[in-house]
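Hello,

I am passing on a structure that is new to you, with some notes on what turned up in it. Have a look at it first, and then read on.

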Amino acid sequence: MAARLPFLFATAALLLILGSQAASNSPSVDKPLQFRYSGAMGPARWASLNPSFALCSTGESQSPIDIVTKQAVPSKTLKPLIRQYNDVNVTLVNNKYTVAIEYPDHTGEIVVDDKHYPLKQMHWHSPSEHRINGKRFAAELHMVHVSDDGHVVAVGTLFKYGKPDPLLGEIHNKMNELAAYEVRNQEAGPIKIEHFHPAELRRTCRKYYRYIGSSSVPPCSENLMYLILAKARTISREQVEALKAPLDMGCKYNARPCQPINGRRVEVYDD
């Protein structure tokens with residue numbers, strides 16, 4: 001049993017950041033959603049939907065936040081992000097509240113404060129959840145990394161409208177396949193993508209912000225580290241629509257409102 005503990009901790013941590021409808025390699029996409037982004041099940045009511053969602057209203061370190069750049073504290077201890085990912089076969093899934101890519105073991109990792117965090121999953125929000133000086137972006141990508149002892153680091157990439165994103169361009173046909181299931185009112189099974197190794201995910205980041213927050217979906221669990229990249233990438237309007245197309249009608253706009261910062265420290269690394 002002791003040998004399985006790191007795996008169990010990591011799995012639990014991943015479930016926390018993905019929320020109560022978390023996907024695995026065999027996602028339960030046929031189960032009804034326990035929350036949405038509008039109406040009676042929207043963010044203002046998340047805490048009342050399930051006792052385990054209480055932190056969504058009582059938490060003091062919630063995400064997302066509006067990052068005010070002039071209040072960010074330059075850090076002498078932060079280092080460039082070291083991201084080493086491998087060429088792997090991944091799985092594209094529709095969780096109804098977000099489109100996600102699930103990674104197998106031995107995908108690669110990020111190193112933060114000399115600690116290794118293997119990559120487990122990534123998913124999109126549109127519009128962005130985090131803001132910079134009050135500005136909301138067209139979309140946001142979260143790359144979820146979980147250490148062997150269950151700590152989570154989410155790397156956030158913001159997108160502004162412009163040229164198509166090469167990463168989404170690479171899986172364009174697969175995204176259309178997900179949307180086609182939705183049009184036919186059918187449940188989409190996991191869609192395999194072979195040799196997934198986008199260069200955009202491996203580039204060194206010259207500037208990023210770091211703070212401690214929470215899962216941005218229920219159960220809103222706290223003590224997650226966010227690394228928000230300062231430089232926005234571009235995405236086309238058609239790609240944003242493709243991210244929204246497979247989702248539940250109450251989740252097409254799948255961005256939680258910004259939460260109070262409550263005196264938290266936002267650090268900035270600027271090479």
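A term to start with: a salt bridge here is a side-chain nitrogen of Lys or Arg within 4 Å of a carboxyl oxygen of Asp or Glu. Please keep in mind that this is a predicted model, in which local features need pLDDT of at least 70 and side-chain atom pairs count only at pLDDT 80 or more, while totals for chains, interfaces and linings use all residues. Residues are numbered from 1 along each chain as its sequence is written, and side-chain values use heavy atoms, with hydrogens and water left out.

**The overall picture**

The protein has six helices and 16 strands; these are DSSP runs numbered from the N terminus, with at least four residues for a helix (H or I) and at least two for a strand (E). It counts 271 residues, and 53% of them are buried. For that word and its relatives, buried means under 20% relative accessible area, exposed means over 50%, and partly exposed is in between (1.4 Å probe, protein chains only). The surface that the protein exposes is about 12800 Å², with carbon and sulfur atoms supplying 53% of it; these areas come from the Shrake-Rupley method with a 1.4 Å probe, and for residues only the protein chains shown count as cover.

Taking contacts between residues at least 6 apart in sequence, 69% join residues at least 24 apart. A contact means heavy atoms within 4.5 Å.

**Salt bridges**

Side chains of opposite charge can pair when their charged atoms come close. The structure holds nine salt bridges. In one of them, the side chains of Arg 36 and Asp 248 meet at 2.8 Å, N to O. Arg 36 sits in the loop between helix H1 (5-18) and helix H2 (46-49), and Asp 248 in the loop between helix H6 (237-244) and strand E16 (267-270), so this pair ties together parts that are 212 residues apart in sequence. Arg 36 is partly exposed at 24% relative accessible area, while Asp 248 is buried at 18%.

Another salt bridge joins Arg 210 and Asp 113, whose closest N and O atoms are 2.9 Å apart. This pair also links distant parts of the chain: Arg 210 is in strand E13 and Asp 113 in the loop between strand E6 (108-112) and strand E7 (115-125), 97 residues apart. Arg 210 is buried, with a relative accessible area of 11%.

Arg 265 and Glu 267 form a salt bridge too, at 3.7 Å from N to O. Of these partners, Arg 265 is exposed at 52% relative accessibility, whereas Glu 267 is buried at 13%. Which residues belong to a network of salt bridges? Asp 113, Arg 210, Arg 265 and Glu 267 are linked in one.

**A positive patch**

Lys 135, Lys 160, Arg 202, Arg 203 and Lys 231 form a positive surface patch. Patches are made of residues with over 30% relative accessible area and no salt bridge, with like charges joined within 9 Å and nonpolar side chains (Val, Leu, Ile, Met, Phe, Trp, Tyr) within 5 Å. Lys and Arg count as positive and Asp and Glu as negative, while His and the chain ends are not counted. The place of a charge is taken as NZ of Lys, CZ of Arg, CG of Asp or CD of Glu. Arg 203 lies in the loop between strand E12 (191-196) and strand E13 (207-214), and is exposed at 52% relative accessibility.

**Two residues in strands**

Ile 212 is in strand E13 and is partly exposed at 38% relative accessibility. Leaving aside neighbours within four places in sequence, Ile 212 is in contact with Ser 61, Asn 223, Leu 224, Met 225 and Arg 264. The C-alpha atoms of Ile 212 and Met 225 are separated by 4.6 Å, with the two residues 13 apart along the chain.

Asp 270 belongs to strand E16 and is exposed, with a relative accessible area of 52%. Beyond neighbours within four places in sequence, Asp 270 is in contact with Arg 206 and Lys 207.

**Backbone details**

The peptide bond from Pro 218 to Pro 219 is cis, with omega near 15°. Pro 219 is in the loop between E13 and strand E14 (222-229). Cys 220 lies in the loop between E13 and E14 as well, has a positive phi near 60°, and is buried at 0% relative accessibility. The peptide bond from Ser 126 to Pro 127 is also cis, with omega near 0°.

Best wishes
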